[in-house]
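Hello,

Here is the structure we spoke of handing over. The notes on what was found in it follow below.

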Amino acid sequence: MSEKLAAILEAARAHAQDVISPNVDAWNAAKKWPRDASDNAGAAGLTGLYAPEELGGQGLPLSEGIQVYEQLGLGDGAYAFALSMHNICTFAGCGYGTDAFKDKWSRDLTSGRKLANFALTEPQSGSDATNMYTRATINGDGTWTISGSKAWVSLATEADIYFTVVKTSDAPGHKDMAMIAIPADAPGISFGPMYDTPSYNFLPMSEMYLDKVVVSEDNIILPIGQGLQGSLMAIDIARVSIASGCCGLMQAALDTALSYSKNRKMFGGKNLDLDGIQWMLGEVATDLEVSKLLYRKAAEALGTPEGPLMAAHAKRFVPDAAVKAANTCTQVLGGMGLLQPYGLDRLSRLAQMLRIVDGTTEISRIVIGRAMQKRAASLPDLPVPKGFGEADTNTVSVAAQ
């Protein structure tokens with residue numbers, strides 16, 4: 001590990017310990033994004049992880065920067081998720097945006113003074129990204145006019161700019177799709193009621209409505225024809241980032257269970273002395289170590305032909321392991337695990353949320369299944385027995401011999 005990465009991970013760990021953990025319950029009670037906390041994260045270098053240093057970023061490769069969310073997940077998985085999406089947008093804007101966009105936005109984004117988020121999903125389409133109704137009309141004066149709606153927009157009303165995927169025609173398919181960054185103060189942008197999300201009420205999520213919003217073509221991040229491909233890459237990064245944050249969540253749940261069971265007296269001893277408790281928590285510990293190895297390997301594969309499959313493996317396995325870990329650790333505390341001060345109920349709800357966002361675990365299974373079909377096609381055939389009355393061309397009958 002480089003000294004730079006070690007310093008950034010330590011800054012993220014300190015941010016989780018000193019800023020997130022002591023305040024997350026108050027944030028949820030207030031139902032308000034903690035802008036002072038994300039400002040603090042920006043000052044600590046956590047809001048421009050993959051952006052080049054000349055634009056104020058840290059210049060980390062994806063394989064290293066994604067490890068930050070494991071540390072932030074020790075404090076709260078939803079907070080880690082929000083910062084991961086901001087970093088993905090900042091990476092896209094600083095890497096693929098126009099020079100005019102970079103001049104205006106890059107340093108505000110890398111510093112965290114302004115926040116960004118991603119808008120792809122639509123109310124009627126979910127994970128079917130090509131079934132999109134948001135349209136952009138290309139004007140003759142260097143602007144685009146955009147109308148439509150997006151769903152599950154994180155940092156709704158709080159972000160300063162939204163990286164939005166649009167179609168530029170009514171033709172089916174994705175060849176007309178693009179990504180354009182829409183400033184939050186653009187006339188015609190509005191938001192629906194905030195979703196009721198009990199375990200992460202501080203993270204505003206809602207639908208976003210675009211009514212003839214006019215945006216300069218300087219804000220084009222991915223041109224026509226590259227919108228879907230770039231969005232899928234962003235989703236792969238997000239899926240691995242979620243797996244990273246889940247590891248922090250699992251560690252927090254395990255530490256809570258260990259801290260409690262080492263002192264809880266029962267049956268003449270301490271809970272942690274019981275074989276059953278050790279086996280339950282030992283399984284969580286093994287799943288945690290496997291999850292760390294898997295998401296880090298997936299992070300290394302991003303941007304390669306194996307990237308989408310490895311991201312699917314990480315998104316399929318790690319959030320499921322986090323749900324299991326949170327539930328197991330709650331069980332170890334017994335009735336006390338249901339009480340808010342211990343935080344395990346919040347972790348259980350967060351783990352379930354992280355199984356769903358940026359592609360459910362079932363979507364990941366589809367990606368994995370297709371990869372298996374492709375591999376099967378490359379393997380030699382093995383004889384398969386036929387049913388009664390079917391001609392078997394793979395084997396020779398004994399009678400014929």
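**Residues 225-372**

In this predicted model, the end C-alpha atoms of residues 225-372 are 28 Å apart. Helix accounts for 77% of that span and strand for 3%. UniProt, in an unreviewed entry, assigns residues 225-372 the feature "domain: Acyl-CoA dehydrogenase/oxidase C-terminal".

**A nonpolar patch**

M266, F267 and L274 together make a nonpolar patch on the surface, with an area of about 310 Å². Of these residues, F267 sits in the loop that runs between β9 (265-266) and β10 (269-270). Is F267 buried or exposed? F267 counts as exposed, because its relative accessibility is 75% and the cut-off for that class is over 50%.

**Positive phi angles**

Two residues are listed here for their backbone angles.

- K31 is a residue other than glycine, yet its phi is positive, near 55°. Its place is the loop between α2 (24-30) and α3 (35-43). K31 has a relative accessibility of 57%, so it too falls in the exposed class, for which the cut-off is over 50%.
- T157 is not a glycine either, and its phi is also positive, at about 70°. The loop that holds T157 connects β3 (143-154) with β4 (161-167).

If you set up calculations on this model, please keep in mind that it is predicted and that the domain name comes from the UniProt record.

Regards

Definitions and conventions. Residues numbered from 1 in each chain as written. Predicted model: local features only at pLDDT ≥ 70, side-chain atom pairs only at ≥ 80, totals over all residues. Heavy atoms only, no water. Patch = residues over 30% accessible without salt bridge, like charges linked within 9 Å, V, L, I, M, F, W, Y side chains within 5 Å. Areas by Shrake-Rupley, 256 points an atom, 1.4 Å probe, with all protein chains shown as cover. Salt bridge = Lys/Arg side-chain N within 4 Å of Asp/Glu carboxyl O. Helix = DSSP H or I, 4+ residues; strand = E, 2+ residues; numbered from the N terminus. Buried < 20%, exposed > 50% of the residue type's maximum accessible area, 1.4 Å probe, protein only. UniProt positions renumbered as here; feature names shortened; annotations may be inferred.
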